[in-house]
Amino acid sequence: MKSSVTVITPSMPARTEMLNRALQSVNEQTVKPYEHLVSVDHWGWGNGAVARNRLAAAAETEWLAFLDDDDAWRPQHLSSMLNAGESADLVCSLIEWTGEGNAAIHDCDPSKLHTSNWFNPSAALVRRHVFLDVGGFPAPAPPMWDDWACWIRLVDAGARYACTHDPEAAAIYNWHETNISL
């Protein structure tokens, strides 16, 4: 059975191996997405915001799930996120951190998003119409990256929020030397 979810994955040409791992994790979902839209940045946009927004506009489903090319999902990710989203507009999953670097901070309190970005796009599920209504991901302006600014836009616009604490639904954040966030 396919769900009402479009998975959106921005990628870069030099990241084929990472992208293949992300694609495999989508293929292993117990609830299959309706579609998986992938954009490889051959045009030099330079950030995922442009690709995510263009793909979200092209999606035909109620829900958008974002998966960065260097991340992956556990097999129950979409199922658990959809269950948590029954009465929400924005859902966040736990994040499992791999590799070196600092462990991800996870709080599940949307009011704390104004001071700390504690989840990345690969841990988010959002209703498409709500995402488009707030303008999607803005251009990144460090120190506030495009994803962080988008979560704040959604919460400030009144998006109903939920967090799944299911470890089987975790997004797997793969830290590597070319990550833009730490």
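Two strands count as paired here if DSSP finds at least two bridges between them. With that in mind, take β3, where the bridge partner of Thr6 is Leu64. That link belongs to the parallel pairing of β1 with β3, which runs over 4 bridges. The model behind all of this is a predicted one.

Stepping back to the whole chain, the protein has 182 residues, and buried residues make up 51% of them. Its secondary structure comes to 5 helices and 9 strands. Followed along the sequence, these elements come in the pattern β-α-β-α-β-β-α-β-β-β-α-α-β-β. Among contacts with a separation of 6 or more, 80% are between residues 24 or more positions apart. As for the outside, the accessible surface is about 8500 Å², and carbon and sulfur atoms account for 53% of that.

Now to the sheet. It is an open one, built from 6 strands in the order β2-β1-β3-β7-β5-β8, with mixed pairing. At its edges sit β2 (residues 35–40) and β8 (residues 161–163), each of which pairs on one side only. Neighbouring strands of the sheet are turned against each other by 20 degrees on average, direction ignored.

What does β3 pair with, besides β1? Strand β3, residues 63–66, is joined to β7 by 3 bridges, and these two run antiparallel. Trp63 has Arg127 as its bridge partner in β7, while Leu64 stands opposite Val126 of that strand. Leu64 therefore turns up in two pairings, given that a bridge partner of Thr6 in β3 is also Leu64. Both faces of β3 are covered: Trp63 and Ala65 are buried on one side, and Leu64 and Phe66 are buried on the other.Strand β7 carries on the story towards β5. Residues 90–92 of β5 and residues 124–127 of β7 pair in the antiparallel sense over 3 bridges. In β7, Leu90 has Val126 as its bridge partner, and Val91 has Leu125. Which way do the residues of β7 point, and are they buried or exposed? Ala124 and Val126 point one way, Leu125 and Arg127 point the other way, and all are buried.

The helix α1 makes a good last stop. Spanning residues 16–27, α1 has 12 residues and reaches 16 Å from its first C-alpha to its last, close to the 16 Å expected at 1.5 Å a residue. Its buried residues are Met18, Leu19, Ala22, Ser25 and Val26. Seen down the axis of α1, the buried residues fall within an arc of 120 degrees, so they line one face of the helix. An α-helix has 3.6 residues a turn, so residues three or four places apart point the same way. On the other side of α1, Glu17 and Asn27 are exposed. And what do the buried residues of α1 pack against? They pack against β1 (residues 5–11), β2 and β4 (residues 72–73).

Terms used
Residues are numbered from 1 along each chain as its sequence is written. This is a predicted model: local features need pLDDT of at least 70, side-chain atom pairs count only at pLDDT 80 or more; totals for chains, interfaces and linings use all residues. Side-chain values use heavy atoms; hydrogens and water are left out. Axes are lines fitted to C-alpha atoms, for helices over the stretch in contact, and angles run from 0 to 180 degrees between N-to-C directions. Buried means under 20% relative accessible area, exposed over 50%, partly exposed in between (1.4 Å probe, protein chains only). The expected span of a helix is 1.5 Å times one less than its number of residues. The arc is that of the directions from the helix axis to the C-beta atoms. Contact means heavy atoms within 4.5 Å. Accessible areas come from the Shrake-Rupley method with a 1.4 Å probe; for residues, only the protein chains shown count as cover.
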